[in-house]
Amino acid sequence: MRKQEVRTGGETGQGHSASSPAEQVKALVDLLAGKGGQGSLAPQAPDRALDSPLGPHSNDWRIQKHREALLSRVRGSPELGSPSPRLSSLLLVEGLTDLQLKEHDFTQVEATRGGWRSTKTIALDRLFLPLSRVSIPPRISITIGVAGVGKTTLVRDFVCLWAQGQVGKDFSLVLPLSFRDLNPHEKLSADRLVRSVFPHIGELGLAGATRVLLILDGLDECKTPLDFSNTVACTDPKKEIQVDHLITNIIRGNLFPEVSVWVTSRPSAAGQIPGGLVDRMTEIRGFNEEEIQVCLEQLFPEDQVLLGWVLSQVQADRALYLMCTIPAFCRLTGLALGHLCRNKPEPQDTELWPPRTLCELYSWYFRMALGGEGQEKGKASPRIEQLAHGGRKMVGTLGRLAFHGLVKKKYVFYEPDLKAFGVDLALLQSALCSCFLQREESLASSAAYCFTHLSLQEFVAATYYYSASKKAIFDLFTEGGVSWPRLGFLTHFRGAAQRAMQAEDGRLDVFLRFLSGLLSPRVNALLAGSLLAQGEHQGYRAQVAELLQGCLRHDTAVCARAINVLHCLHELQHTELARGVEEALESGGLARLTGPHHRTALAYLLQVSDTCAQEVNLSLHLSQGVLQSLLPQLLYCRSLRLDTNQFQDPVMELLGSVLSGKDCRIQRISLAENQISNKGAKALARSLLVNRSLTTLDLRSNSIGPQGAKALADALKINRTLASLSLQSNTIRDDGARSIAEALGTNRTLSVLHLQKNTIGPVGTQRMADALKQNKSLKELMFSSNSMGDGGAKALAEALKVNQGLENLDLQSNSISDAGVAALMGALCTNQTLLSLNLRENSISPEGAQDLAHALCTNSTLKNLDLTANLLHDEGAQAIAVAVRENRALTSLHLQWNFIQAGAAKALGQALQLNRSLTSLDLQENAIGDEGASAVASALKANTALTALYLQVASIGAPGAQALGEALAVNRTLEILDYHCALGFLFFLSA
């Protein structure tokens, strides 16, 4: 996309030899003032501007007349002027992704699971304003959205709000056009472009005008694709040229360079405009869960029972729910399900509901359009026969129109198109037809027709193809051309499947799904007598399933066309392949499934399976070949586990390419326990330089070494999304720790860092400590099982006196003795942010415990302290017990395996009688005996805070057990009591 801070004019300066920008601006002013060229396509209003003086009052009055004209044009549209929050705030995006450029709208929703790639938004009233003080307003803005998401509604809302003076206040004039208005014209000049659509514009002068906004709605409906490479430049606003050339020159800035242009389009068609010409791109998001419910509530405002049932059906089917994020599809689904529920099937039809596939849903919609009630009563009548005949007639007329429109990428039709395909215009007035085709008045004095949603065009096209292919002797895709004879339905189905597989833009994907679905037994039962003959699917179904599976090739990567084959098999109700792979996925048996069929089924499941919705677990024995074939689909997994697969560095190169992709949505990836060395880490690090989605990276138990750590650290200096990094057990040593520390000096997003078991000594720890003095974002540092010793502990202590961000510090098994503890506790007396400190398996003696106790008496923030497996003995534990009496912050204290005996247990019991914050106490593997247990039991009778007490292997006999039992009869807060008595019984209490 074009940068806005500095405009070089490289694109907009092309082809200005015929007239200068100043002359073009004057031409536009003259045009809008009524002085432009002659020969407009629409009648011109009298030019009263010549008879009245131009002045502020007159100009304001004329602008108001234009506003009123726009309001009268859009009057009658629902909810205009009050756009929903979804349309009031658009997503700011940085260009189009490969998925948007190459795939069908349904595929885009399915692959991304209805998610949105951008969290940045822009309010509708700021859509054409600069993003910062140093940028300028955009000249070319594009808003994209899948079919049915509300692009035209957005435009109408904006125009209505502008006419009411609520948005776009810096625009003196807004000129809304749609490509439906432009399609009937072969040639137009810029002059006639405005005059033919706004005949009253001659009344409007631009004295004092600042900006003009030209809106071009529905680029995907333009009858001729825009070709920016081969369009001749034109700078004369009065010269008539082809409409597509006219639009191209306006976007380039050759015509009306000072006019702002706003284009709306489906994503794939938006790719016609070079990114270098686009100043701002926004996207309309789909419905969220709450908006789906609101949409359905609007369909059934008076029937809460019906609403509840429809909602339950949508939520129960994940694929259906994802599609309902598209507003138009959500309404269609609600209508079909509502009709289904109101007209309960006869006993013989109960197996036909609720709909399980897309084709079944649209079949119910067709039954609703057909009139529904009589058909479901199952009684033959002249009315039903008439309706069935009407349904077949519609398929024979509208179906042919829909099919050839789909083949030619034509989604808007005019009366000449209808006549050319033999559509009876009288048929368009029927209720049946109105459920599929809608009529809109075009500003070019001719009505435009389009299907109420793209998917309905595809459904009707499939029913036509299904019917026509049984009689056709030539290829239906080349009607009017020359083709080899084709006989029989299967031959035509094979031809349709081949064309769908070869279509790079996926435009035939959903058509092929519907065509396959028409062979489903359930769909045949639904449409028998109206569109289909009873039982005719039985002769084709098995052969079509075999034919579809034959389309799955041994390609390196599973493409979207191959995944669509699995969707077709699902529509066909041939689910054995997908079900077998799903069972292997859940049981961990993927290693034996390596064929192309299995790989494609796995890629399909990554999109539709509930198992993969939150996390895709491909750990254990996944081969490099299978992973490589799945790379295009892994882009859209939110959480990905690839542990214990023996992956080596070449696989990291592949994964790096995925993480570097613009489409990448992966937020969490785990690569633990593989065979990744420094080369693999470098490949991942390169991807982190550009990745903007990954927040968690787990590389524990690999072999990246110091060099791999350095590569990742260099990436952290630039990356602004990664929040959690685990390098546990990677032998990064002091050199690797030094590199990580350097990154922490500038990184402000990493909050969790795991460096356990990395042979990091005092030198590396010193560097980390220095970094913590500057870093304020790191919240958790896991540093256990290294070799920092007292020197490293002292360095960290100095950092803790300054650091005000760290909350969790793990120093387990680091050879820390009393000297190191003394330094740490000195820091703890002043630190006010640390919440958890782990000092397990060090060498803390009673002397060090005195320092611990002093810190606990002073500190008011530490909540969790783990001193397991040290050398506290009774003396040290008693000192800590005294501190617990005073402390009001500590909630969890671990003293397991510290040579504690009855004396310390008594002291802890006395502390518990006064303490009101401690909720968990661990005294396991300490010989406190019956005496100590009885002391703790006495405390439990008074304590109301403790919820968990661990006393396993604590030399407690029957007397101690009895004392604890008596305490439990009184205590009402303890939830867990875990201990072994002398008789070998295990007592476990859980509330």
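Which residues of α9 are buried? The legends below start with the whole predicted model and then come to that helix.

**Figure 1. An overview of the protein chain.** Welcome to the predicted model. The protein chain is built with 41 helices and 27 strands. Of its 991 residues, 58% count as buried. The surface that remains exposed comes to about 39,700 Å², and carbon and sulfur atoms supply 52% of that area. If you look at contacts with a separation of 6 or more, residues 24 or more positions apart account for 80% of them.

**Figure 2. Helix α9 is largely enclosed by the rest of the structure.** Here is the reply to the opening question: the buried residues of α9 are V243, D244, L246, I247, T248, N249, I250, I251 and R252. The helix covers residues 243–252, and it is described as largely enclosed because nine of its 10 residues are buried. Take a look at what comes next in the chain, too: G253 follows α9 and has a positive phi, near 95°.

**Figure 3. The largest nonpolar core, with a view of F511.** This core has 270 residues, and those with the most contacts inside it are F436, F511 and L618. Helix α20 gives the largest share of this core, 10 residues. Apart from this core lies another, of 38 residues, which includes V93, I142, L219 and F256. What does F511 touch, leaving aside residues up to four places away in sequence? Its partners are F403, L406, E458, A461, A462, Y465, F477 and A496.

**Figure 4. An open sheet of three strands.** Follow the strands across and you will meet them in the order β10-β12-β11, with antiparallel pairing. At the edges are β10 (413–414) and β11 (437–441), each of which pairs on one side only. Between β11 and β12 (residues 447–451), five bridges join the antiparallel strands. A handy pair to find here is R439 and Y449: R439 stands opposite Y449, which belongs to β12.

**Figure 5. A nonpolar patch on the surface.** I473, F474 and L487 make this patch, which has an area of about 310 Å². To find I473, go to the loop between α20 (454–468) and α21 (489–502). Is I473 buried or partly exposed? I473 counts as partly exposed because its relative accessibility is 45%.

**Figure 6. A salt bridge between two loops, R700 with E673.** A search of the whole structure finds 30 salt bridges, and this view shows one of them. The side chains of R700 and E673 meet at 4.0 Å, N to O. The pair links distant parts of the chain, 27 residues apart: R700 sits in the loop between β16 (696–698) and α32 (705–716), and E673 in the loop between β15 (668–670) and α31 (678–688). R700 has 27% relative accessibility, so it counts as partly exposed. E673 is partly exposed as well, with a relative accessible area of 42%.

**Figure 7. A salt bridge between a loop and a strand, R840 with D866.** The side chains of these two residues meet at 3.2 Å, N to O. R840 lies in the loop between β21 (836–838) and α37 (846–858), while D866 belongs to strand β22 (residues 864–866), so the pair links distant parts of the chain, 26 residues apart. R840 is partly exposed, with a relative accessible area of 22%. D866, at 11% relative accessibility, counts as buried, because buried means under 20% relative accessible area.

**Figure 8. A salt bridge between two helices, E931 with K906.** The closest N and O atoms of this pair are 2.1 Å apart. Why does the pair tie together parts that are 25 residues apart in sequence? The reason is where the partners lie: E931 is in helix α40 (residues 929–942) and K906 in helix α39 (residues 902–914). E931 counts as partly exposed, at 45% relative accessibility. K906 also counts as partly exposed, at 35%.

**Figure 9. A network of salt bridges.** The linked residues to look for in this last view are R156, R180, E221 and E440.

Key: Residues numbered from 1 in each chain as written. Predicted model: local features only at pLDDT ≥ 70, side-chain atom pairs only at ≥ 80, totals over all residues. Heavy atoms only, no water. Patch = residues over 30% accessible without salt bridge, like charges linked within 9 Å, V, L, I, M, F, W, Y side chains within 5 Å. Areas by Shrake-Rupley, 256 points an atom, 1.4 Å probe, with all protein chains shown as cover. Helix = DSSP H or I, 4+ residues; strand = E, 2+ residues; numbered from the N terminus. Buried < 20%, exposed > 50% of the residue type's maximum accessible area, 1.4 Å probe, protein only. Core = buried A, V, L, I, M, F, W, Y, C linked by side-chain atoms within 4.5 Å. Contact = heavy atoms within 4.5 Å. Pairing = 2+ DSSP bridges.
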